[in-house]
Amino acid sequence: MGVAERIEWLRGQLPTAVRLVAVTKQVPVERIREAYACGLRDFGESRIQEVQQKIPQLTDLQGVSWHLIGSLQRNKARPALEVFDWIHSVDSLPLAERLASLMGSVGRRPRLLLQVKLAADPTKSGWSQVELEAALPRLAALPQLDIRGLTAIAPLGLGEQGNLTLFGRVAALARDLGRRAGEAEWQHIRMEELSMGMSGDYPQAIAAGATMVRLGQVLFGSRLPLRRNGDE
Ligand SMILES: *Cc1c(COP(=O)(O)O)cnc(C)c1O
């Protein structure tokens with residue numbers, strides 16, 4: 001199957017309200033063009049350098065949104081704000097504060113998702129539920145930010161039922177935080193987006209209420225194995 005057939009097939013699987021973010025790390029620009037020609041407009045990358053190389057080759061594609069899905073170091077916050085439309089990986093208060101302090105001088109306001117980690121996973125970062133609840137008042141004091149929801153990455157090996165339970169807990173946390181933010185009228189914190197689901201677990205993520213799935217291999221075929229440093 002080529003990219004076009006896979007996209008067609010996936011469209012049949014995804015509810016229309018779910019945004020398909022095509023993960024294009026290690027995918028050459030010609031394949032991104034193919035996906036664009038099939039109507040995809042949301043592309044996810046893990047590394048700033050990679051997207052900085054690709055974007056100049058794709059300037060003729062109108063209406064594309066670039067999503068940062070990989071972890072973001074504080075010292076890369078400025079270039080990330082400059083190129084991405086969505087940042088799915090805001091995983092700490094220091095990073096959130098850094099982004100807030102740069103927002104004015106960069107002159108862009110990408111939409112942000114808070115990456116949570118509700119199950120042990122040594123290869124990933126993210127807020128625990130307790131940490132995020134404790135940080136909420138501090139995030140409330142950063143109205144420069146445009147916080148739209150949560151991101152979750154299921155650890156490998158949970159199984160379908162385990163994934164479903166985990167994603168369900170993330171959805172419940174988002175509902176709870178959204179209610180608190182609404183009651184407090186923190187207008188820059190809205191919990192309307194849930195970025196969860198990858199090639200191996202998107203059906204369970206959708207069943208639990210994902211609004212964005214981040215799909216790479218199921219669209220573009222398998223990637224070369226990378227060093228396992230949690231930054232693939
Ligand atoms: C690579 C990656 C994906 C896509 O994974 P696939 O298994 O190729 O679908 C999704 N989310 C994150 C955070 C990733 O790093």
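# Strands, helix packing and a few loop residues

I'll start at strand β8, residues 212-215: M212 and R214 point one way, V213 and L215 point the other way, and all are buried. Buried here means under 20% relative accessible area, exposed means over 50%, and partly exposed lies in between, with a 1.4 Å probe and protein chains only. Helices (H or I, at least four residues) and strands (E, at least two) are DSSP runs, numbered from the N terminus.

Before going further, the provenance. This is a predicted model, in which local features need pLDDT of at least 70 and side-chain atom pairs count only at pLDDT 80 or more, while totals for chains, interfaces and linings use all residues. Residues are numbered from 1 along each chain as its sequence is written, and side-chain values use heavy atoms, with hydrogens and water left out.

Back to the strands. β8 is joined by 4 bridges to strand β1, residues 19-23, and the two run parallel. Two strands pair if DSSP finds at least two bridges between them. β1 is also joined to β2 by 2 bridges, again with the strands running parallel. A22 is a useful residue to click on: it stands opposite L215 in β8, and in β2 its bridge partner is F43. β2 itself, residues 42-45, is covered on both faces: D42 and G44 on one side are buried, as are F43 and E45 on the other.

Next, helix α2, residues 29-37. Its buried residues are V29, I32, A35 and Y36. Viewed down the axis of α2, these buried residues fall within an arc of 110°, so they line one face of the helix. The arc is that of the directions from the helix axis to the C-beta atoms. As background, an α-helix has 3.6 residues a turn, so residues three or four places apart point the same way. On the other side of α2, E30 and A37 are exposed.

What lies over that buried face? The cover for the buried residues of α2 includes α1 (3-13), β2, α3 (48-54), β3 (65-68) and α9 (217-220). Contact, here and below, means heavy atoms within 4.5 Å. Just after α2, G39 takes a positive phi of about 105°.

Now helix packing. Axes are lines fitted to C-alpha atoms, for helices over the stretch in contact, and angles run from 0 to 180 degrees between N-to-C directions. The axes of α5 (residues 93-106) and α6 (residues 129-140) come within 11 Å and cross at roughly 10°. α5 and α6 are therefore roughly parallel to each other; the cut-offs are under 35 degrees for roughly parallel, over 145 for roughly antiparallel, 65 to 115 for roughly perpendicular, and oblique for the rest. L93, A96 and E97 of α5 make the contact with A135, R138 and L139 of α6. Those residues divide into 4 nonpolar, no polar and 2 charged. Nonpolar covers Ala, Val, Leu, Ile, Met, Phe, Trp, Tyr, Cys and Pro, charged covers Asp, Glu, Lys and Arg, and the others, Gly among them, count as polar.

α6 also packs with α7, at an angle of about 10° and with the axes 12 Å apart. That makes α6 roughly parallel to α7. In this contact Q129, L132, E133 and L136 of α6 meet L173, D176, L177 and R180 of α7. By class, it has 4 nonpolar, 1 polar and 3 charged residues.

Last, the loops. Which backbone angles deserve a check? Most residues other than glycine have a negative phi. Q26 has a phi near 65°, a positive value in a residue other than glycine. Q26 sits in the loop between β1 and α2, and is partly exposed at 32% relative accessible area. E185 is not a glycine either, yet has a positive phi of about 60°. E185 is in the loop between α7 (159-184) and β7 (189-196), and at 60% relative accessibility it counts as exposed.

W186 is in the loop between α7 and β7, and is partly exposed at 24% relative accessibility. Leaving out residues up to four places away in sequence, W186 touches L136, A140, R180 and A181. The C-alpha atoms of W186 and L132 are separated by 15 Å, with their positions 54 residues apart along the chain.

Finally, S128 lies in the loop between β5 (111-116) and α6, partly exposed with a relative accessible area of 24%. With residues up to four places away in sequence not counted, S128 touches K117 and L118.
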